[in-house]
Amino acid sequence: MDELSRHGFHADLFDYFVGASGGPKWFTLAGLDRILFPEWFAYRRDPLHVVGSSAGAFRAACAAQQDPLAAINRLAEHYSTMVYSKKPTRFEITQKAKALIKDLLGPSGGVDIVTNPLFKAHFIVARCHGPMQSENRLTQLSGLAMSAAANAMSRKRLSHLYTRSVFRAPFCNFKVKDPYQLRTEYIELDIGNLESALLGSGSIPMVLEGVTRVMHAPRGMYRDGGIIDYHFDVSFGPTNGLVMYPHFYPKPIPGWFDKGLKRRIPHASSYHNTVMLVPSADFVSRLPYGKIPDRRDFEVLDDNSRIAYWQTVLQESDALGEYFFRLVRTGKVMDVIKPLPFDTMHVPVAS
């Protein structure tokens with residue numbers, strides 16, 4: 001990170017912020033978001049592109065509101081206390097997701113997002129082709145199997161089944177640069193399509209219903225953006241500033257179907273200007289159950305235990321935000337820069 005060595009670690013060096021898919025894994029990073037958007041990035045001179053898929057898109061929607069801290073806290077509280085029936089249907093889970101979006105946006109969040117001059121929100125969604133357009137369970141299972149097989153041969157083959165739909169901030173020339181050259185389209189965010197785009201970005205196949213009616217967007221079935229961009233293997237344009245990437249894991253997984261492909265790691269070109277903020281293994285070991293929250297907690301924990309666990313993680317995550325802020329205030333952040341484990345990049349590790 002020669003640029004950081006020359007200019008120091010400050011907010012104006014970053015042009016992009018990335019939020020990965022991962023559902024409740026985000027709770028580990030909530031404390032960082034509470035510091036980064038309301039405080040650290042708040043006084044920068046130029047716009048910051050805030051890019052996210054699935055839970056990362058929800059975070060972007062919080063960041064681009066006039067009061068990002070209040071929005072982040074609404075998202076954290078609503079999501080961490082969400083309760084379903086014993087055997088929830090896709091309809092029930094979808095309705096709960098819609099209510100979550102309404103809550104995180106509040107009365108004016110949609111207008112805030114599309115008019116924010118500083119934080120430019122961009123949501124990644126997967127528009128489906130072939131069997132993944134269906135809501136039939138067996139057809140979807142077939143489509144997922146086809147997707148996994150195509151992806152195992154090459155990520156580029158996912159273009160036969162999906163288009164990356166980038167719902168980007170109005171009047172913005174934000175671009176995704178994909179080494180696999182997956183089919184990508186750009187749709188302008190507006191008040192009419194914002195909630196549908198958010199819901200689509202988090203619509204996990206087999207779990208939630210897909211989204212079919214999105215205003216001012218191509219017709220089709222929209223599903224979870226993490227299908228294509230789970231943890232991201234892309235770079236961004238048009239500017240060449242640094243990318244800030246708080247992430248719960250030190251090794252990003254490019255797409256949802258790459259989780260079992262241990263040899264598929266991101267391209268160096270996708271991370272050549274990226275700074276990752278990653279909770280240390282020691283921090284994670286001190287969390288309840290010694291792990292980062294995930295969606296399986298809905299299945300293995302009763303509601304009271306899960307809610308207590310998730311809210312404890314949210315509280316503990318504030319220590320990461322405080323640690324990061326202390327490092328940048330004292331100028332010691334460069335002392336904790338470490339190489340990324342999958343390339344020769346660097347990462348500040350939050351402890």
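User: How many helices and strands in the protein chain?
Analyst: The protein chain has 12 helices and 12 strands, taken as DSSP runs (H or I, at least four residues; E, at least two). This is a predicted model: local features need pLDDT of at least 70, side-chain atom pairs pLDDT 80 or more, while totals for chains, interfaces and linings use all residues. Numbering runs from 1 along each chain as its sequence is written, and side-chain values use heavy atoms, without hydrogens and water.

User: What radius of gyration does the protein chain have?
Analyst: The protein chain has 19 Å, which agrees with the value near 20 Å for a compact globule of 351 residues. That is over C-alpha atoms; the rule is 2.2 Å times the number of residues to the power 0.38.

User: And what share is buried?
Analyst: Buried residues make up 59% of the 351, buried being under 20% relative accessible area with a 1.4 Å probe, protein chains only.

User: Switching to holes. How many cavities?
Analyst: There are 3 cavities of 30 Å³ or more. A cavity is a set of points on a 1 Å grid over the protein atoms alone where a 1.4 Å probe fits but cannot get out. The largest has about 50 Å³, a volume being the space filled by probe spheres set on points joined across faces, edges and corners.

User: What lines the largest one?
Analyst: The lining (an atom within 4 Å of a point) includes Val 18, His 231, Phe 236 and Tyr 271.

User: Which elements give two or more residues?
Analyst: β9 (242-246) and α9 (268-271).

Technical notes
On a 1 Å grid over the protein atoms alone, a cavity is a set of points where a 1.4 Å probe fits but cannot get out, and a pocket is an open set with protein on both sides within 12 Å along at least five of seven lines; lining residues have an atom within 4 Å of a point. Buried means under 20% relative accessible area, exposed over 50%, partly exposed in between (1.4 Å probe, protein chains only).
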